[in-house]
Amino acid sequence: MTHNYIPTVKDWLSLLLLILLWGTSFMFTAVSLDSFSPVGIVTLRVLIAAIILTLFMYAKGLRLPVDPLAWAMFLLLGIMGNLLPFLLISTGQKDVSSGIAGLLMAFMPLATMILAHYFVLGESLNRFKILGFVLGITGVAIVLWPSLVGAHSNFLSGLLILFATFSYAINAIMVRRLPSYNPVVTAAGVMIVASITILPLWLWQDLPWQQSYSLKATLSVLWLGIGPTAFATIILFAVIVTAGPTFLSYINYVIPVVAYFTGALILGEAIEWHSLAALVLIILGIALTRKRVAG
């Protein structure tokens, strides 16, 4: 990819597909919670993705590494980039709507920016980044404030989802600092280790063979593994290779909007003025952090 690469129609369609896959994942999580526990959702999500990504990896003629250091790295990335945030989001969504969950997750690039200032060379804060962060955290406060002062508080559930943004942010920093492998191999390895780690917990905690699951919830959790986790990962790497990470960053502006309005239009979740105001503030904050400092 050259520096002056112009994204093609295929790149834009891939970006749109990623936005739809990730933006609607909160809605499918909400539906899955009707029958599955948060641990069950996370287990099936990473297990299905592990199978698909491993098959995809072998189809491309790639192989898993035998180096123990590689598998230690896969475990670390699997916990911080998949198991922990998936579990925090699923648990938080038991009391928080899918739209609010997607809105809070928009804070992730701002959390990454703060961590990058301390752990990544050349990523120092400037006045625009600081102001963008202030706008973003103000938006988060607007979202959480009603639940903090309300009679039926879901403040802690909102915090769990917010913590998931920092888990993703830490994972993003680790990806930049740890040794790199082929991204397809890394994705498969991470999902394999994540599956091995959480599957025993699900079997022990939920005894899934003794449970009954609705068709709608089952299809939703299967789709979470197939679409937003496995296929989205494949598309993600393809877009990064052809159009670059800067082009990919456009999704940060749109995914929370998709999440918020799909929850409202399909699940009938309430559209509230303070949530819309928070959405605008967070997106403006993200946009402001991208502004270059003159000189």
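Guide: UniProt positions are given in the numbering used here, and annotations may be inferred rather than shown by experiment. The model is predicted.

Visitor: At which residues does UniProt place the feature "domain: EamA"?
Guide: The record is an unreviewed entry. UniProt gives two ranges for this feature. They are residues 14-144 and 159-289.

Visitor: How many helices and strands does the chain have?
Guide: From the N terminus on, each element in the run is α. Strands come to zero. The helices come to 13.

Visitor: What is the helix share over residues 159-289?
Guide: Over residues 14-144, the chain is 79% helix and 0% strand, with end C-alpha atoms 33 Å apart. Over residues 159-289, strand is again 0% and the end C-alpha atoms are 23 Å apart. The helix share over residues 159-289 is 84%.

Visitor: Which radius of gyration does the chain have, set against a compact globule?
Guide: The C-alpha atoms fill a box of roughly 55 × 50 × 35 Å along the principal axes. With 295 residues, a compact globule would come near 19 Å. The chain agrees, at 19 Å.

Visitor: What percentage of the 295 residues is buried?
Guide: Buried here means under 20% relative accessible area. Counted that way, the buried share of the chain is 51%.

Visitor: What part of the accessible surface belongs to carbon and sulfur atoms?
Guide: The accessible surface comes to about 14600 Å². The part belonging to carbon and sulfur atoms is 71%.

Visitor: How far apart are the mean positions of the positive and negative charges?
Guide: The chain has 13 positive and 8 negative charges. Their mean positions are apart by 14 Å.

Conventions. Residues numbered from 1 in each chain as written. Predicted model: local features only at pLDDT ≥ 70, side-chain atom pairs only at ≥ 80, totals over all residues. Heavy atoms only, no water. Helix = DSSP H or I, 4+ residues; strand = E, 2+ residues; numbered from the N terminus. Rg over C-alpha atoms; globule rule 2.2 N^0.38 Å. Buried < 20%, exposed > 50% of the residue type's maximum accessible area, 1.4 Å probe, protein only. Areas by Shrake-Rupley, 256 points an atom, 1.4 Å probe, with all protein chains shown as cover. Lys, Arg positive; Asp, Glu negative; His and termini not counted. Charge placed at Lys NZ, Arg CZ, Asp CG, Glu CD.
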